[in-house]
Amino acid sequence: MSVDPMTYEAQFFGFTPQTCMLRIYIAFQDYLFEVMQAVEQVILKKLDGIPDCDISPVQIRKCTEKFLCFMKGHFDNLFSKMEQLFLQLILHIPSNILLPEDKCKETPYSEEDFQHLQKEIEQLQEKYKTELGTKQALLAELEEQKIVQAKLKQTLTFFDELQNVGRDHGTSDFRESLVSLVQNSRKLQNIRDSVEKESKRLKIS
């Protein structure tokens with residue numbers, strides 16, 4: 001058997017060529033043993049039909065084993081040559097042939113190509129960092145919008161409650177009540193300003 005592991009051939013066939021040849025060898029040997037057993041049985045039957053035969057079954061077995069060793073020796077010699085031809089011409093992938101999954105290795109890369117790829121990788125990394133920062137900023141803004149939305153909801157709820165209070169006290173329109181409240185507040189502020197001015201004038205006189 002060949003000592004070359006032939007891993008590339010195993011990648012293509014799904015088994016090593018040596019394993020294939022070993023199975024063929026074992027199959028041939030099994031078939032040879034079966035044939036010799038069948039021949040021995042036929043000879044024994046023929047001898048049973050011959051009266052006063054001096055050849056015993058033990059002699060037949062010795063002759064069969066001797067012939068089997070002779071055939072096995074010739075078979076091993078022929079199989080060795082056949083194995084060499086199979087491994088070199090049939091189950092062998094030439095060194096200039098690439099499998100489809102290895103086509104990407106067909107074109108060698110120069111140092112310039114490597115530097116270009118390295119630069120592209122760095123640019124992609126920078127772009128990823130930028131997009132990651134943008135994503136984090138958007139998430140932070142989204143959180144702020146959620147807080148503002150919650151506060152706005154609270155304000156609307158507050159106004160709804162004020163409107164309900166106004167209705168309970170006989171005010172039908174909350175907007176009119178709010179406008180009236182603002183006007184009265186301005187009037188009170190004007191009165192306060194007038195009082196403060198008059199107070200200052202009296203102190204001066």
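# Exercises on a predicted all-helical model

The residues of α3 that count as buried, meaning under 20% relative accessible area (exposed is over 50%, partly exposed in between, with a 1.4 Å probe and protein chains only), are Ile60, Thr64, Leu68, Phe75, Phe79, Glu83 and Leu87. This is a predicted model, in which local features need pLDDT of at least 70 and side-chain atom pairs count only at pLDDT 80 or more, while totals for chains, interfaces and linings use all residues. Residues are numbered from 1 along each chain as its sequence is written, and side-chain values use heavy atoms, with hydrogens and water left out.

## Exercise 1: the chain as a whole

Task: Determine how many helices and strands the protein chain has, and what percentage of its 205 residues count as buried.

Solution. Step one is to assign the elements as DSSP runs numbered from the N terminus, where helices are H or I runs of at least four residues and strands are E runs of at least two. On that basis the protein chain has 5 helices and 0 strands, and the order from the N terminus on is α-α-α-α-α.

Step two turns to the surface, computed by the Shrake-Rupley method with a 1.4 Å probe, only the protein chains shown counting as cover for residues. The accessible surface of the protein chain is about 17600 Å², and 60% of it belongs to carbon and sulfur atoms. Of the 205 residues, 12% count as buried.

Step three takes contacts, defined as heavy atoms within 4.5 Å: among those between residues at least 6 apart in sequence, 63% join residues at least 24 apart.

## Exercise 2: the packing of α2 and α3

Task: Identify which residues make up the largest nonpolar core, and state which helix the buried residues of α3 pack against.

Solution. First, a nonpolar core is a set of buried Ala, Val, Leu, Ile, Met, Phe, Trp, Tyr and Cys residues joined through side-chain atoms within 4.5 Å. The largest one here has 7 residues, namely Met6, Met21, Tyr25, Phe75, Phe79, Leu87 and Leu91. At least two residues of this core are supplied by each of α2 (17-48) and α3 (57-90), and the largest share, 3 residues, comes from α3. In soluble globular proteins, nonpolar side chains tend to be buried together.

Next, the buried residues of α3 pack against α2.

## Exercise 3: aromatic pairs

Task: Classify the ring geometry of the pair Phe12 and Phe13 and of the pair Tyr25 and Phe75.

Solution. Begin with the rule that rings of Phe, Tyr and Trp (its six-membered ring) pair if their centres lie within 6.5 Å, with planes under 30 degrees apart counted as stacked, over 60 as edge-to-face and the rest as tilted. The structure holds 7 aromatic pairs. Phe12 and Phe13 have ring centres 5.0 Å apart and 75° between the planes, and the pair is therefore edge-to-face. Phe13 is partly exposed, its relative accessible area being 29%.

Tyr25 and Phe75, by comparison, have centres 5.6 Å apart and 25° between the planes, which makes the pair stacked. This pair links distant parts of the chain, with Tyr25 in helix α2 and Phe75 in helix α3, 50 residues apart. Tyr25 counts as buried at 18% relative accessibility, and Phe75 counts as buried at 16%. Tyr25 and Phe75 also belong, with Phe28 and Phe79, to one aromatic cluster.

## Exercise 4: salt bridges

Task: Decide where the partners Arg61 and Glu40 lie, and where Lys72 and Asp76 lie.

Solution. A salt bridge is a side-chain nitrogen of Lys or Arg within 4 Å of a carboxyl oxygen of Asp or Glu, and the count by this rule comes to 3. One of them joins the side chains of Arg61 and Glu40, at 2.7 Å from N to O. Because Arg61 lies in helix α3 and Glu40 in helix α2, the pair ties together parts that are 21 residues apart in sequence. Arg61 is partly exposed, with a relative accessible area of 42%, whereas Glu40 counts as buried at 7% relative accessibility.

Turning to Lys72 and Asp76, their closest N and O atoms are 3.2 Å apart, and both residues lie in helix α3, 4 residues apart, about one turn of the helix. Lys72 is partly exposed at 29%, and Asp76 counts as partly exposed at 26% relative accessibility.
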